[in-house]
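Student: I would like to work through this structure with you, one question at a time. Could we begin with the terms and then turn to the residues?

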Amino acid sequence: MTDSRIRHTVSAVVVLIIAGLLAWFVYATHHPESRFAIKLGLDLAGGTALTYKADTSAVVTDKEGALSSLREVIERRVNVFGVAEPLVQLERSSAVTGAAEDRLLVELPGVTDVAAAVGAIGATPVLEFKLLKAAPGTTTPSYVDTGLTGRYLKSADLQFMQGASGSVGGGPVIVLNFNDEGSDLFEKITTENVGEVLSIFLDGAPISEPVIQEPIAGGQATITGTFNAVEAKELVRDLNFGALPVPIELVSSNAVGPTLGADAYQAGLTASVIGFALVALFMIVWYRLPGLVASVALVIYILMTIALIKFIPVTLTASGIAALILSIGMAVDANVLIFERMKEELRQGKAPHDGVAIGFQRAWPAIRDGHFTMIISSIILFWMGTPLVQGFALVFGLGVVASLITAVSITRVFLLAILPYETTPTWRRLLEAGFGARPSNPS
């Protein structure tokens, strides 16, 4: 046995060991309690999808920061309510039919009660601090935005004012603690507006209008309103869940039942299995031994792709399953290019081992260009697409990368490990491709 054959045989054994480990990982993490269990999207697991319009008209500076804070607050809010794997994304709507809008997409897998989901998010208060500026000679109040909103809030605490004897018997007081940026802004506002009224708004209504007595450092403010202890406790809870930096308005909602989602998931799996079986059958019938080797490589490809989906992790949707099936076609296409090149070399009288080596070498440029084109397309779709398109693009991109590895490396290693250096009638029959294949003609 030559050094080259030993090297390829050892490589093939290593590949089989890795494939076995991948199979064990996929099987061992199949149960839902595993940290590497496949996460299903809304269309497969069932749940609720909500679309909100964010009103950023009052945001003068740092609009992107306000929207980013809005996403974080909503995500924290739905996490507190125990929603598994929520998806909260920002999206800029098209301006073709009118003014462009900033939208917030919220997906809550497992939550099929739309009213409860809307209530959970809608209960989050909008907290604002505004300076009271009454027009001279009138009693109509007007306010000036300070830029200090709930996006700067770190936490809220409930306390009670002390009575005359020092006992805790007074009304409830809500203490607001700002983050570092909010602390600096609050100190600046109170320093520049001593003697002015700094009104505290909640959901657009003033709940407290204290007078600034002196500059306040340390990032702490108090709210003393007309609420009772129960109302104050609920307000503190809602503020800690996350005060919205900008108002939001629900524009659409959609619920997918768990039965419908399970049916879609099973249909996708069935389509994947049937598609793989038909592709493997065609490869074996048409290309014989190379087709059988390619089918084994396709199994490894599927294990590799599923392992990547579990490990990253990727939330699998119906479009993701479609991308997985499509990428199987890409893997087969690469093998077809290789085998056709290999067939040409065998017809010219090359030995099987040499024909495989030369065939892979000549097919590589076409395989490389095709796969890199698909990878670039996946990146563009993921970068510019909607969440539905992004799910497709991510799974398809991972599948194309896995296809490139399996077609160029794994199939090649297996064939070079088993094919002989000399042509015999038996090996010729095993390698003849297609019905009515022409016999080789060395001359």
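Tutor: Let us start with burial: a residue is called buried under 20% relative accessible area, exposed over 50% and partly exposed in between, with a 1.4 Å probe and protein chains only. Helices (H or I, at least four residues) and strands (E, at least two) are DSSP runs, numbered from the N terminus. The model is a predicted one, in which local features need pLDDT of at least 70 and side-chain atom pairs count only at pLDDT 80 or more, while totals for chains, interfaces and linings use all residues. Residues are numbered from 1 along each chain as its sequence is written, and side-chain values use heavy atoms, with hydrogens and water left out.

Student: Which residues of strand 9 point the other way from Leu198, Ile200 and Leu202?

Tutor: Strand 9 covers residues 198–202, and five of its five residues are buried, so that the strand is mostly covered. Leu198, Ile200 and Leu202 point one way from the strand, and the residues on the other side are buried as well. Those that point the other way are Ser199 and Phe201.

Student: What is the bridge partner of Phe201 in strand 10?

Tutor: Two strands are taken to pair if DSSP finds at least two bridges between them. Strand 9 and strand 10 (residues 205–208) run antiparallel and are joined by three bridges. In the hairpin that they form, with two residues between the strands, Asp203 takes a positive phi near 55 degrees. The partner of Phe201 in strand 10 is Pro206.

Student: Which residue of strand 9 is the bridge partner of Phe129?

Tutor: Strand 9 also pairs with strand 5 (residues 127–132), in the antiparallel sense and over five bridges. Within strand 9, the bridge partner of Phe129 is Ile200.

Student: Which residue lies over the face of Phe201?

Tutor: A charge is said to sit over a ring if NZ of Lys or CZ of Arg is within 6 Å of the ring centre and within 35 degrees of the ring normal. Phe201 has such a partner at 4.8 Å from its ring centre, and the residue is Lys130.

Student: What is the order of the four strands in the open sheet?

Tutor: The pairing in this sheet is antiparallel, and its edge strands, each pairing on one side only, are strand 3 (87–92) and strand 12 (248–256). Strand 2 (residues 47–54) and strand 4 (residues 102–109) pair over eight bridges in the antiparallel sense, and Ala49 stands opposite Glu107 in strand 4. The order of the four strands is 3-4-2-12.

Student: Is Asp102, the salt-bridge partner of Lys63, buried or exposed?

Tutor: A salt bridge here is a side-chain nitrogen of Lys or Arg within 4 Å of a carboxyl oxygen of Asp or Glu, and the closest N and O atoms of Lys63 and Asp102 are 3.0 Å apart. Lys63 lies in helix 3 (residues 63–80) and Asp102 in strand 4, so the pair ties together parts that are 39 residues apart in sequence. Lys63 is partly exposed, with a relative accessible area of 29%. Asp102, at 10% relative accessibility, counts as buried.

Student: Which residue forms a salt bridge with Lys188?

Tutor: Lys188 counts as partly exposed at 46% relative accessibility, whereas its partner is exposed, with a relative accessible area of 54%. The two residues are four residues apart in helix 5 (residues 180–192), and therefore separated by about one helical turn. The closest N and O atoms are 3.2 Å apart, and the partner is Glu192.

Student: What is the angle between the planes of Phe282 and Trp286?

Tutor: Rings of Phe, Tyr and Trp (its six-membered ring) pair if their centres lie within 6.5 Å, and planes under 30 degrees apart count as stacked, over 60 as edge-to-face and the rest as tilted. A search of the whole structure finds nine aromatic pairs, and in this one, which is stacked, the centres are 6.2 Å apart. Both residues lie in helix 7 (residues 258–287), four residues apart, about one turn of the helix. The angle between the planes is 10 degrees.
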